[in-house]
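Student: Please take a close look at one part of this model, the pocket. Then place it against the helices and the rest of the chain.

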Amino acid sequence: LVEGKEIMDDHIEKNNLYAASIVCFLYSYVSYIFCNFDFAKELIEMRWTFEKTLYRPYRAYCTTFFFDSLISIAFARKTKQDIWTKYALENLEKTKHASHNYRHRVLLLEAEIHTLLGKTDNAVSNYDEAIASAQESGYINEQAIANERAGDYCLSQGDNQASDYYDEAYSLYIQWGAKGKAAHLKKNYLQSPERIISM
């Protein structure tokens, strides 16, 4: 992340805000994956500021909307601030309009937003639908994220299924080649007594 900040600062100094916005997006993605939601939030706010000056903002096939919503949801959970729920809902709508071939993204965002808003009647089945859709689409990385978020939800409810979702997320991160993230998941969910995972 330090290297990424240096790259971004270099682009800002050269007034190359399009390139700086790309770096912001990529490192907000990494920060989200590693659950560093404070830094992810700072990066998307910075990118949004850059984009106000750009004729054509970087969208990465609308992946930016998807991660902006995920980060907003995480920060809304952490802070209970309504503005972040608003951002999450706005980016969900953008994802819906842009994700004809990415149904799993919409399903995951809807599952996350429903749990954020306390609509938990079908929470586990909603996560399962997002996971199945990501698998069908061949997006191993986003299937891993969906499993991890499902694990988080189950853990928050004292549901023993959490370990199954974390196990699957770990396996998928390994398949994706994200060994650092897999190690991060293993460390965080093995060291805490209430977070039992059979990796």
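Tutor: The answer starts with the chain as a whole, goes to the pocket, and then follows its lining helices outward.

This is a predicted model, in which local features need pLDDT of at least 70 and side-chain atom pairs count only at pLDDT 80 or more, while totals for chains, interfaces and linings use all residues. Residues are numbered from 1 along each chain as its sequence is written, and side-chain values use heavy atoms, with hydrogens and water left out.

The protein chain has ten helices and zero strands (helices are DSSP runs of H or I with at least four residues, strands are runs of E with at least two, both numbered from the N terminus). Its pattern along the sequence is therefore written α-α-α-α-α-α-α-α-α-α. Of its 199 residues, 47% are buried (under 20% relative accessible area with a 1.4 Å probe, protein chains only; over 50% is exposed, and partly exposed is in between). Taking contacts (heavy atoms within 4.5 Å) between residues at least 6 apart in sequence, 59% join residues at least 24 apart.

The largest pocket holds about 440 Å³ of space. A pocket here is an open set of points on a 1 Å grid where a 1.4 Å probe fits, with protein on both sides within 12 Å along at least five of seven lines, and lining residues have an atom within 4 Å of a point. The volume is the space filled by probe spheres set on the points, which are joined across faces, edges and corners. The lining of this pocket has 22 residues, and the closest to its centre are Phe-37, Arg-77, Arg-149, Asp-152 and Tyr-189. Four helices give two or more residues to the lining: H4 (63-79), H6 (103-116), H8 (140-156) and H10 (179-190). H8 supplies the largest share, six residues. By class, eleven lining residues are nonpolar, four are polar and seven are charged (Ala, Val, Leu, Ile, Met, Phe, Trp, Tyr, Cys and Pro are nonpolar; Asp, Glu, Lys and Arg are charged; the others, Gly among them, are polar).

Now take these helices in turn. In H4, Thr-64 is buried because its relative accessibility is 0%. Beyond four places in sequence, Thr-64 touches Phe-25, Arg-47, Tyr-58 and Arg-59. Phe-25 also belongs to an aromatic cluster with Tyr-29, Tyr-32, Phe-37, Phe-66 and Phe-67, so Phe-37 both belongs to this cluster and is one of the residues closest to the pocket centre.

By the ring rule there are 13 aromatic pairs (rings of Phe, Tyr and the six-membered ring of Trp with centres within 6.5 Å; stacked under 30 degrees between planes, edge-to-face over 60, tilted for the rest). Phe-66 and Phe-67 make an edge-to-face pair, 5.1 Å centre to centre with 75 degrees between the planes, and both residues are buried. Tyr-102 and Tyr-139 are also edge-to-face, because their centres are 5.5 Å apart and their planes at 75 degrees. That pair links distant parts of the chain, 37 residues apart: Tyr-102 in the loop between helix H5 (82-98) and H6, Tyr-139 in the loop between helix H7 (123-137) and H8. Tyr-102 counts as buried at 15% relative accessibility, and Tyr-139 as partly exposed at 26%.

In H8, Ile-140 is partly exposed, since its relative accessibility is 28%. Apart from neighbours within four places, Ile-140 is in contact with Leu-172, Gln-175 and Trp-176. Its C-alpha lies 10.0 Å from that of Ser-171, 31 residues away in sequence.

In H10, Lys-181 is a charged residue by class, yet it counts as buried at 2% relative accessibility. A polar atom of the Lys-181 side chain lies 2.7 Å from the backbone oxygen of Ile-33. Beyond four places in sequence, Lys-181 touches Ile-33, Phe-34, Cys-35, Glu-148 and Tyr-173. Leu-185, also placed in H10, is buried at 0%, with its C-alpha 8.5 Å from that of Ala-169, 16 residues away in sequence.

Cys-35, one of the residues that Lys-181 touches, sits in the loop between helix H2 (17-33) and helix H3 (37-51). Cys-35 is not a glycine, but has a positive phi of about 65 degrees; at 28% relative accessibility, it counts as partly exposed.

Note on methods:
Polar contact = N/O pair within 3.5 Å; in protein donor to acceptor, adjacent residues only side chain to side chain.
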